[in-house]
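Colleague: I should be grateful for a close look at the aromatic rings of chain B and at the backbone of its loops. Please take the residues in turn and explain the reasoning where there is any.

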Amino acid sequence: MSGKRVVTLTINGDQTEVLCEPRQTLLEVLRNNLDFTGTKEGCSNGNCGACTVLMDGRPVVSCLVLAVEAEGAELRTIEGVACGSHLDEVQSAFLEGAALQCGICTPGFIVQTEALLAENPNPSEDDIRFYLAGNLCRCTGYDKIVRAVQAAAEKRQVARSV
Amino acid sequence: MATADKPKYKVIGTRPVRHDGADKVTGRAKYGADIKLTGMLYGATLRSPHAHAKIKSIDTSKAEALAGVRAVVTSADLPEQGDRIVELGEGAANMRHLTANVLARGKVLYKGHAIAAVAADNIHIAEEAIKLIKVEYELLPPVLDVRKAMSAESPVLNDDIRTESVGSAPASKDSKPTNIAKHFLFEKGDIAAGFAKADVIVEREFDTSMVHQGYIEPHNATVFWNTDGKITVWLSTQGSFSVRQQTAELLKVAISNVKVVPTEIGGGFGGKISVYLPPVAAMLSKKSGRPVKLVMSRTSVFEATGPTPGSHMKVKLGATKDGKLVAGEAWIAFEAGAYTGSPIGPACMCVFACYDLPNGRVEGFDVCVNKPRTNAYRAPGSTHVAFATETLINEICEKIDIDPADFRIKNAAKEGVRRVDGPVYARVGMVETVEAIKNSEHYKAPLEGKHRGRGIASGFWFNCGLKSAASATVNPDGTVSLLEGSTDIGGSRTGIAMQLAEALGITAEEVTPTVGDTDSVGYCDVTGGSRVTFATGIAAIEAAKDIQRQLIARAAMIWDVDASKVSYSDGGLHGPAGKHLSFKEIAAKLHGTGGAVIGRGTSSEATQGGAFGTHCVDVEVDVDLGKVQILRYTAAQDCGTAIHPSYVEGQIQGGAVQGIGWALNEEYWYDEKGEMRNATYLDYRIPTCYDVPMIDTIIVEVPDPQHPYGVRGVGEVPICPPPAAIANAIYDAVGVRMHDLPMSPPKLLAEILKKES
């Protein structure tokens with residue numbers, strides 16, 4: 001297919017230019033053209049949330065965004081959640097709380113949780129379950145994921161109040 | 001909660017952070033679809049739009065001519081298999097059926113059946129090329145109902161299937177082909193005499209729909225067929241060695257020519273054992289000379305991998321008025337899908353497995369229908385039959401006015417009880433799981449409110465042993481590198497590392513576990529049958545003992561004493577006159593005393609004693625909509641010894657929620673043409689976190705004497721009780737008994753309206 005476009009993206013703080021076809025999704029370009037394979041593909045139609053990234057601060061399923069639509073966007077992927085070699089509160093809460101089994105949905109859950117906590121630093125259990133309902137996990141039954149999000153929110157609150 | 005005296009362990013029972021955790025929360029973990037090789041091509045698969053048709057012709061010429069297309073394959077590129085049955089580690093497979101499932105031969109037997117595949121420079125070209133392949137079909141009537149498929153008038157799917165009656169001589173090849181591939185019959189005692197003693201008899205018919213494992217990661221395979229004939233397969237799988245063997249058999253090459261490199265795996269639940277893509281990618285690679293990656297779409301995962309069967313069951317139970325089961329009878333028909341191989345055997349063995357049933361008769365049928373070839377799904381076959389038996393048990397309890405927990409305790413399977421299919425139980429924990437529920441805060445708490453109800457149900461799974469291998473190398477800094485071959489779906493590498501650490505007296509963090517490829521580690525059977533923590537754990541413990549023996553020899557050499565004077569305990573070596581070397585100290589001396597110490601261990605003889613669980617659920621029914629809300633859930637399970645309690649809880653919680661999805665919503669919804677009309681996550685709809693509450697767990701520990709630390713597999717049992725427990729709770733809430741899964745809003749509402757009128 002002709003008509004390739006150059007798209008300029010800022011990914012986890014770094015500006016990058018990528019040559020892509022208009023029919024390529026943001027997910028495909030992240031994974032195949034740019035090797036950001038931490039963002040996972042589970043369904044390609046926006047049902048499972050495994051490919052969630054933050055686009056200008058808003059969580060989107062990257063399989064439903066064309067790469068050309070992301071021109072000029074500020075993206076945050078799972079690779080940009082940790083600060084250098086330090087895991088952030090959400091990541092460490094998932095680890096300490098055993099909130100993952102196979103781990104394929106984990107990047108999407110962590111990114112979606114980052115958006116939740118940015119919007120609502122002190123969510124109730126119901127808030128958490130509602131906000132994460134677009135992210136499917138087939139292994140955990142969600143119990144430990146919800147508890148990890150609660151633990152991360154608390155940890156972040158404590159860190160802020162110090 | 002421990003129900004048995006627990007020995008004190010240092011590592012076992014603690015909750016270390018898993019070794020692969022950092023990679024999985026940062027996106028660094030490599031799953032199957034993340035593989036990218038130099039010169040790699042991308043593949044796409046042409047799939048049948050029809051459920052049942054003859055293939056008259058396939059024309060791939062236009063696809064081959066498209067710029068960017070490097071190879072096209074059809075079943076003509078795969079070798080003929082003839083009549084071969086091959087043992088694949090967890091059951092045998094008919095190779096003719098296996099190869100026809102990989103790429104259709106002459107006939108398509110379900111919508112989504114793979115017909116041809118293309119490798120191209122990118123996925124978009126491959127998908128365009130697929131549309132250029134012309135297939136001429138002769139449509140045949142689809143066979144979609146298990147009972148109709150059994151009738152003499154039904155169209156027959158496979159001309160080489162005749163009923164195989166287990167324990168009887170094979171049917172003559174001259175006899176007429178049929179859709180009934182297998183027939184099981186188990187009998188114990190005298191059922192007529194048994195039912196004659198019964199004061200109450202209940203008999204009901206049950207139906208369940210086909211459901212999918214629903215793992216989030218689609219099937220994938222990247223294969224490179226090198227010029228020297230060596231084939232390397234990168235993929236996510238539950239069994240690297242099984243993939244090696246299936247791929248080699250399907251391609252008719254030596255297994256030593258196939259190397260399987262397992263990546264991280266995004267869920268399996270039984271569905272990632274059978275091979276679909278590797279032989280196809282291998283042929284595309286052979287033709288193109290390049291590595292080829294194939295990844296399934298979500299719709300193909302639903303339509304063309306191996307869900308668990310739908311079923312029709314008739315079950316009858318009799319009990320005396322003082323609450324003793326006297327007889328049981330079951331007739332069970334499972335949809336095998338396109339080819340034989342449903343878990344009808346295990347279903348027949350599980351149907352009365354929770355109870356001490358003196359007289360029983362179980363008959364089962366494996367029936368081909370125009371749906372995908374079914375495969376294992378978490379305790380295969382057991383959830384279906386638990387739905388039937390466990391709802392009948394509660395109906396009996398109501399009729400004779402006895403508490404369902406007390407009834408289960410009174411009739412529970414225990415050590416020495418013989419199952420209807422023959423085996424006698426060793427020490428098992430059925431009674432303990434029911435007692436745990438009976439004594440739980442949940443069961444004792446009053447349940448108030450309109451249209452609310454409580455139900456309990458139990459479940460059983462055998463758990464297996466099979467074969468595992470591990471090796472472990474002592475590093476100079478006193479740590480150990482553990483290599484094992486069981487692909488890790490839910491944290492098992494940490495559970496295995498913890499057992500090695502316990503045996504050596506070091507910490508879990510001092511062991512680095514790696515899941516090896518088929519050229520670097522000894523043979524391991526699949527990650528299935530709840531066997532890995534048990535059997536690969538034993539292999540790791542054996543490797544630790546081997547390390548101890550070698551370290552004893554080194555210490556004897558250093559101290560210049562006879563090895564018989566040296567012992568290993570508490571993480572160190574002890575010699576005469578108070579001589580002592582810690583593990584760390586001896587590890588630092590290995591280079592100067594003979595080099596590397598590598599422990600090796602295998603497990604092949606050990607078998608597990610079986611595991612039980614009992615669940616309690618509170619529901620609220622919306623009587624206007626027929627929708628069921630889960631209010632509270634508690635699951636008790638005998639785990640023998642919990643190695644890493646967090647991951648044991650996680651298995652129970654995850655299994656329970658899969659069971660909730662099966663109970664209330666999930667089903668393959670077919671139209672009359674045999675097209676699955678809900679082949680997306682949105683329409684199939686597995687539970688989301690908004691659908692379920694917290695899942696409370698009670699870990700019951702009745703150690704299995706066949707494992708050094710008492711492990712019982714934990715993964716499969718928890719999916720068995722939920723549908724029956726929820727059905728029992730619905731009855732308690734609104735007074736209707738459900739006999740059809742899923743108990744979705746339209747079906748429940750219909751029953752509620754029927755009762756009201």
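**Aromatic rings and loop backbone in chain B**

Modeller: Ring pairs join Phe302(B), Tyr668(B), Tyr670(B), Tyr681(B) and Tyr684(B) into a cluster. The model that shows this cluster is a predicted one. A search of the whole structure finds 18 aromatic pairs over all chains. One of them is formed by Tyr425(B) and Phe460(B), whose rings meet edge-to-face, with 5.9 Å from centre to centre and 80° between the planes. Tyr425(B) belongs to the loop between helix 12 (404-411) and helix 13 (430-438) of chain B, while Phe460(B) is in strand 19, so this pair ties together parts that are 35 residues apart in sequence. Tyr425(B) and Phe460(B) are both buried.

A further pair is that of Tyr668(B) and Tyr670(B), which is tilted: the centres are 6.1 Å apart and the planes make an angle of 35°. Tyr668(B) counts as buried because its relative accessibility is 5%, and the cut-off for that term is under 20%. Tyr670(B) has a relative accessible area of 18% and is therefore buried as well.

Two rings have a charged side chain over them. Lys316(B) lies over the face of Phe195(B), at 4.4 Å from the ring centre. The charged end of Arg737(B) is placed over the ring of Tyr731(B), 3.6 Å from its centre.

The backbone of the loops may now be considered. Most residues other than glycine have a negative phi, and most peptide bonds are trans. Asn463(B), which is not a glycine, has a positive phi of about 65°. Its place is the loop between strand 19 (452-461) and strand 20 (468-474) of chain B. With a relative accessibility of 5%, Asn463(B) counts as buried.

Asp560(B) also has a positive phi, near 55°, in a residue other than glycine. This aspartate is found in the loop of chain B between helix 16 (532-559) and strand 23 (567-569). Because its relative accessibility is 70%, Asp560(B) counts as exposed; the cut-off for exposed is over 50%.

The last backbone feature concerns a peptide bond. The bond from Leu741(B) to Pro742(B) is cis, and its omega is near -5°. Pro742(B) is located in the loop between strand 30 (740-741) and helix 21 (745-756) of chain B.

Notes: Residues numbered from 1 in each chain as written. Chains lettered and ligands numbered in written order. Heavy atoms only, no water. Helix = DSSP H or I, 4+ residues; strand = E, 2+ residues; numbered from the N terminus. Buried < 20%, exposed > 50% of the residue type's maximum accessible area, 1.4 Å probe, protein only. Phe/Tyr/Trp six-rings, centres within 6.5 Å; stacked < 30°, edge-to-face > 60°. Lys NZ or Arg CZ within 6 Å of the ring centre and 35° of its normal.
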